Amino acid sequence: MAGLNVSIAFFFLVVGVCQAFRCLSKRLLSPGAYGGLARELAGSFQLCTSCLELRMLVEIGPWGGGFGPDVVLTLLFILFAVHGASFDGASANPTVSLQEFLLLESNLAATAAKLVAQAVGMGTGWAVTKLYWSWELTQFHLIQNLIASECSSSIHTSPHHAAFVEGTCSFFFHLVLLKLHRSRPMYRVPALAATVTFLTYTAGPFTGAFFNPALAAVTTFHCSGSNFWDYVQVYWLGPLAGMLAALLLYQGNIPRLFRKNLLYSQKSKYKVPKARVAAHVEGGDPRRKGKGEKSSSQPHA
């Protein structure tokens, strides 16, 4: 279990460094530069390094360390709960940033800046993790270095089925995200962590369950077994289609593209009183009121 303890220490170290970077950036940078660049950069770096180390434990841990998937899933839940609590509003996911753009919550320049920051953060996280593995602090890292040059694709089914799996994962993730968008963090963070854990457990054997285009690009695009178009179809187009489907189902429209609600009728919350066309007269017989006639109805005794 010594190797697992080293990995857990690495997780805590990465979170601590990223948190220090966020605090320093918030003091030195303007709110726009912090929210669009520094926050996404730190979140993407934190997510990438953690997921790469966890992926290594998934592949080597069962036969190299003797622990089962329950340990990895527990770590996954804890990590995503920590990420949700420490990200400070960052998404570290291109489809989430595009969703904010389509919801008119972010303009084109801010969205482009977030996408660039996510790409840089993911790339830096990949390089730092590779350097950390090269130190071979544990037996896991020694084995990882031996098999790193011959990594295989995470797609273990047909590309069309894999794209459907990634799209379905993205659909449910974004649907939960939209539903809990304005909820308190104490409810939103564990709910999203549980959703990610469940989706990873369910879809992991087919595609690795990334549903994050930037994370998939640095993690598996360089591996052999699938061509570039297969990777694009599964890990970019699949999650994007899932996000659009979740947004359309939740909103009924896509505000950036069109305002008309295709799924739900918009009812006014105020009721308009109907004009009285008849007045009750003595004896209970209705008659139409004339133009200049005043209503003389009184309550019956």
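**Working chat on a helical model**

Modeller: To start with the second largest pocket, helix 1 (2-28) and helix 3 (69-86) each supply at least two residues of its lining, and please keep in mind throughout that this is a predicted model.

Colleague: Fine, so which residues line the second largest pocket?

Modeller: From the early part of the chain there are Ile8, Phe11, Phe12 and Val15, and they are joined in the lining by Leu75, Ile78, Leu79 and Val82.

Colleague: And by class, how many nonpolar, polar and charged residues does that lining have?

Modeller: The count for the lining is 8 nonpolar residues, with no polar and no charged ones.

Colleague: How much space lies in it?

Modeller: The second largest pocket holds about 160 Å³ of space.

Colleague: Let's stay with helix 1 for a moment. What does it reach from its first C-alpha to its last?

Modeller: Helix 1 has 27 residues and reaches 39 Å between those two atoms, close to the 39 Å expected at 1.5 Å a residue.

Colleague: Which of its residues are buried?

Modeller: The buried residues of helix 1 are Gly3, Leu4, Ser7, Phe10, Phe11, Val14, Val15, Cys18, Arg22 and Ser25; of these, Phe11 and Val15 also appear in the lining of the second largest pocket.

Colleague: Why might residues three or four places apart point the same way?

Modeller: An α-helix has 3.6 residues a turn, so residues with that spacing end up pointing the same way.

Colleague: Zooming out, how many helices and strands are in the chain?

Modeller: The chain has 10 helices and 2 strands, and when you read along the sequence the pattern is α-α-α-α-α-α-α-α-α-α-β-β.

Colleague: What share of the residues is buried?

Modeller: Buried residues make up 43% of the 301 residues in the chain, while the area that the chain exposes is about 17,000 Å², with carbon and sulfur atoms supplying 66% of that area.

Colleague: And what about contacts between residues at least 6 apart in sequence?

Modeller: Among those contacts, 71% join residues that are at least 24 apart.

Colleague: Switching to helix 7, what should it span, and how far apart are its ends?

Modeller: Helix 7 runs over residues 159-179, and because each of its 21 residues is taken at 1.5 Å, it should span 30 Å; the C-alpha atoms at its ends are 30 Å apart, which agrees.

Colleague: What is buried in it, and what does the covering?

Modeller: The buried residues of helix 7 include Ala162, Val165, Cys169, Phe173 and Leu177, and also Glu166 and His174. What covers the buried residues includes helix 4 (94-102), helix 8 (185-207) and helix 10 (228-251).

Colleague: Is Val189, in helix 8, buried or exposed?

Modeller: Val189 lies in helix 8 and counts as buried because its relative accessible area is 12%, under the 20% cut-off. Leaving aside neighbours within four places in sequence, Val189 is in contact with Ala81, Gly84 and Ala85, and its C-alpha is separated by 9.9 Å from that of Leu177, 12 residues away along the chain.

Colleague: And Phe198, buried or exposed?

Modeller: Phe198, also in helix 8, counts as exposed because its relative accessibility is 54%, over the 50% cut-off. Its C-alpha is separated by 9.1 Å from that of Phe77, although the two are 121 residues apart along the chain.

Colleague: What about Thr129?

Modeller: Thr129 lies in helix 5 and is buried, with a relative accessible area of 0%; not counting residues up to four places away in sequence, Thr129 touches Thr49 and Leu52.

Colleague: Loops next. What is the phi of Ala92, and where is that residue found?

Modeller: Ala92 has a positive phi of about 55 degrees although it is not a glycine, and Ala92 is found in the loop between helix 3 and helix 4. At 0% relative accessibility, Ala92 counts as buried.

Colleague: And what is the phi of Leu104?

Modeller: Phi of Leu104 is near 65 degrees, again a positive value in a residue other than glycine. Leu104 sits in the loop between helix 4 and helix 5 (108-134) and is partly exposed, with a relative accessible area of 39%.

Key: Residues are numbered from 1 along each chain as its sequence is written. This is a predicted model: local features need pLDDT of at least 70, side-chain atom pairs count only at pLDDT 80 or more; totals for chains, interfaces and linings use all residues. Side-chain values use heavy atoms; hydrogens and water are left out. Helices (H or I, at least four residues) and strands (E, at least two) are DSSP runs, numbered from the N terminus. The expected span of a helix is 1.5 Å times one less than its number of residues. Buried means under 20% relative accessible area, exposed over 50%, partly exposed in between (1.4 Å probe, protein chains only). Contact means heavy atoms within 4.5 Å. Accessible areas come from the Shrake-Rupley method with a 1.4 Å probe; for residues, only the protein chains shown count as cover. On a 1 Å grid over the protein atoms alone, a cavity is a set of points where a 1.4 Å probe fits but cannot get out, and a pocket is an open set with protein on both sides within 12 Å along at least five of seven lines; lining residues have an atom within 4 Å of a point. Grid points are joined across faces, edges and corners, and a volume is the space filled by probe spheres set on the points. Ala, Val, Leu, Ile, Met, Phe, Trp, Tyr, Cys and Pro count as nonpolar, Asp, Glu, Lys and Arg as charged, and the others, Gly among them, as polar.
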